[in-house]
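Colleague: Got a minute to walk me through this one? I'd like to go piece by piece.

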Amino acid sequence: MLSKNVYIIGAGEAKYGELWDRSLRDIAVEAGLKAVEDAGIRTRDLGAIYMSNSLGGDISMQEHLSALMSDHAGIATEFIPSMRIEASTASGGAAIREGYLAIKSGEYDIVMVGGAEKMTELYGNENIDITSSILDREWEAFEGATPAALAALSARKYIKDFNIPKEILAKLSVNDHLNASLNENAHFRNKITVEQALKATMIAEPLNLMDCAPLSDGASSIILASEDYVRKNGVEGVKMLSSAMSQGPFALHSRECIYSVEPTKRAARKALEDAKTKPEDISFVEVHDSYNIYGLMALEDLGFAEKGKAGKLIEEGIGLNDKLPVNPSGGLKAKGFPYGATGVGQAVEAYLQLKGKANKRQIKNPTKAMIHNMAGSGVASVVHILGVE
Amino acid sequence: MGELSRMWRESPNRYRLLGKKCGNCGRKYFPAREICPVCHRDSIGKMSDFELSGNGEIFTYTIVHEAPPAFSRQKPYVLALIKLEDGPMITGQVVDVDPDEIEVGKKVRSVFRKIAQDGKSGIIFYGYKFTLA
């Protein structure tokens, strides 16, 4: 029977950071089991497992993470289906969407969506080569492009065309660090100032270290359930109001515009339509700010500001007590950026906030959350809108 | 890791800036594509080779300070999006120039250069870079 609605009924997370003493399987299992416990289910209740991971094959030389995680969480004895979902840095959002569709189809009542990535297993600048595999290897990375360099190409053009000071970008990083200081699972708990952010080591001009999200290890997991399950068991979950994904041209040089991400615009439009919601009804947003310039672009493409005007929105305030809190989790810059875990981590944050369980960083009475997970330089975007009555 | 066959396969495109032209709408593409993303099925069988002039201008650029191992010896280097006069946009390095002289809008032309080397004794990759015209 088709399930009219899909709910998040549990969430779990392993701390993000540089976890030298923990393996990919350790953190994936921790997040998964915490989510199962939080949801109050037994692992035998799971219909399927969707595991998001982007670079495990290259970094940890481990593929098929879904089966590894399932086995080491003691679930292999249930013989349930599991698979890894990969869509670059949007793997998490894509995995959530697969879980959502599976429940909506009526095939399963409960599924687990996990995400895990171990980014710090690499030495020196080897990581830049591996992370550049999310770009077009032959026609971008081959020429010396890196993820940061592509963000810098967009940033230079954006700053020039809209004549905005570099401080505006820094302010998004400052906001991320402030929120992450209240998140015990965040990679960075330190606050930073705009001055510090502007003086950091240069990575790809005009972007410096404080404009770029770090390489983090981390794992996040959520449990999704059908309307039927939630009704029968009297569970109060967070409702998934909509799920949308869009993918466009791969290489940055193939795009019509390098500071507007068409897949983000399309996914947001569809997600808002399906949720019968307007941007002004959104209580808070988690944007994919792997580079702060992408955060600004997302705020515009998602419909919260006109093109070139995200700076104004940021100046007006994006803190936890402002009209539109941005990245209450600490965002990719400060909560951390474990590629495959990131999108699922955004859902964990939305779940905690909407359930009133976000402790010190709790936003006052939020009703609707938008989460935005993007692949690479804007190849694809996944947008989910979640809500509570 | 299959580097050799990958490079060998694409050398005509890299060495001569060989792209494709759609016989239906006339748009030019680089890298080469077998289907025109505008004309879709109407372009089947109508895509022909097209050699780009290599002349263009800097659309946007960055100076890369943190580079992968194969590019470590070149850093800091200028990476740009070049709007070619034939139409396509292309990603490439701008070389033989002081980074301070780089500006959006400056005219450039393509040159044949060593791009990188696969480790100490690995194969050398050649391809296009750009210099000020």
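Modeller: Sure, let's start with A:Phe79. That residue is exposed, with 8 other C-beta atoms within 10 Å. A residue is exposed if 12 or fewer other C-beta atoms lie within 10 Å of its own, buried if 20 or more do, and partly exposed in between, with C-beta atoms placed from the backbone.

Colleague: Before we go on, what kind of model is this, and how do I read the labels?

Modeller: This is a predicted model, where local features need pLDDT of at least 70, side-chain atom pairs count only at pLDDT 80 or more, and totals for chains, interfaces and linings use all residues. Residues are numbered from 1 along each chain as its sequence is written, while chains are lettered from A and ligands numbered from 1 in the order in which they are written.

Colleague: Back to A:Phe79, then. What is its phi, and where is it found?

Modeller: Its phi is positive, about 55°, although A:Phe79 is not a glycine. You'll find A:Phe79 in the loop between H3 and strand S3 (82–85) of chain A. Helices (H or I, at least four residues) and strands (E, at least two) are DSSP runs, numbered from the N terminus.

Colleague: And A:His64, what's its phi?

Modeller: A:His64 also has a positive phi of about 55°, and it is not a glycine. A:His64 sits in the loop between helix H2 (56–59) and helix H3 (65–72) of chain A. With 15 other C-beta atoms within 10 Å, A:His64 is partly exposed.

Colleague: Now helices. How many residues does H1 of chain A have?

Modeller: Helix H1 of chain A (residues 24–39) has 16 residues and reaches 23 Å from its first C-alpha to its last, close to the 22 Å expected at 1.5 Å a residue. That expected span is 1.5 Å times one less than the number of residues.

Colleague: How many of the residues of H1(A) are buried?

Modeller: 12 of the 16, so H1(A) is largely enclosed by the rest of the structure. Among them are A:Leu24, A:Ile27, A:Glu30 and A:Asp38.

Colleague: What covers those buried residues of H1(A)?

Modeller: The cover includes S1, H2, H3, S4 and S7 of chain A. Just after the helix, A:Gly40 follows, with a positive phi near 70°.

Colleague: What about H7 and H11 of chain A, at what angle do they pack?

Modeller: Helix H7 (residues 166–180) and helix H11 (residues 292–301) of chain A pack at an angle of about 95°, with their axes 9 Å apart. Axes are lines fitted to C-alpha atoms, for helices over the stretch in contact, and angles run from 0 to 180 degrees between N-to-C directions. That makes H7(A) roughly perpendicular to H11(A), a label for angles of 65 to 115 degrees.

Colleague: Which residues make the contact?

Modeller: From H7(A) come A:Leu169, A:Leu172 and A:Ser173, and from H11(A) come A:Asn292, A:Ile293, A:Gly295 and A:Leu296. Two residues are in contact if their C-beta atoms, placed from the backbone, lie within 7 Å.

Colleague: Zooming out, what does the domain assignment of chain A give?

Modeller: The assignment gives domain 1 (6–123 + 216–237) and domain 2 (134–214 + 240–387); such bounds come from an automatic or database domain assignment. The C-alpha centres of the two domains lie 23 Å apart. 37 residues of domain 1 of chain A are in contact with 34 residues of domain 2 of chain A.

Colleague: Let's switch to chain B. What is its secondary structure?

Modeller: Chain B comes to one helix and eight strands, running α-β-β-β-β-β-β-β-β from the N terminus on. Its C-alpha trace spans about 45 × 40 × 20 Å along its principal axes. Of the 133 residues of chain B, 36% count as buried.

Colleague: Which residues does the cis peptide bond near -5° from B:Lys75 lead to, and where is that?

Modeller: The bond leads to B:Pro76, which is found in the loop between strand S4 (55–64) and strand S5 (77–84) of chain B. A cis peptide bond also joins B:Phe30 and B:Pro31, with omega about -5°. B:Pro31 has its place in the loop between strand S2 (28–29) and strand S3 (47–51) of chain B.

Colleague: Last one: how many residues of chain A are in contact with chain B?

Modeller: 28 residues of chain A are in contact with 24 residues of chain B. The largest share of chain A's side, seven residues, comes from H6(A).

Key. Parallel < 35°, antiparallel > 145°, perpendicular 65-115°, else oblique.
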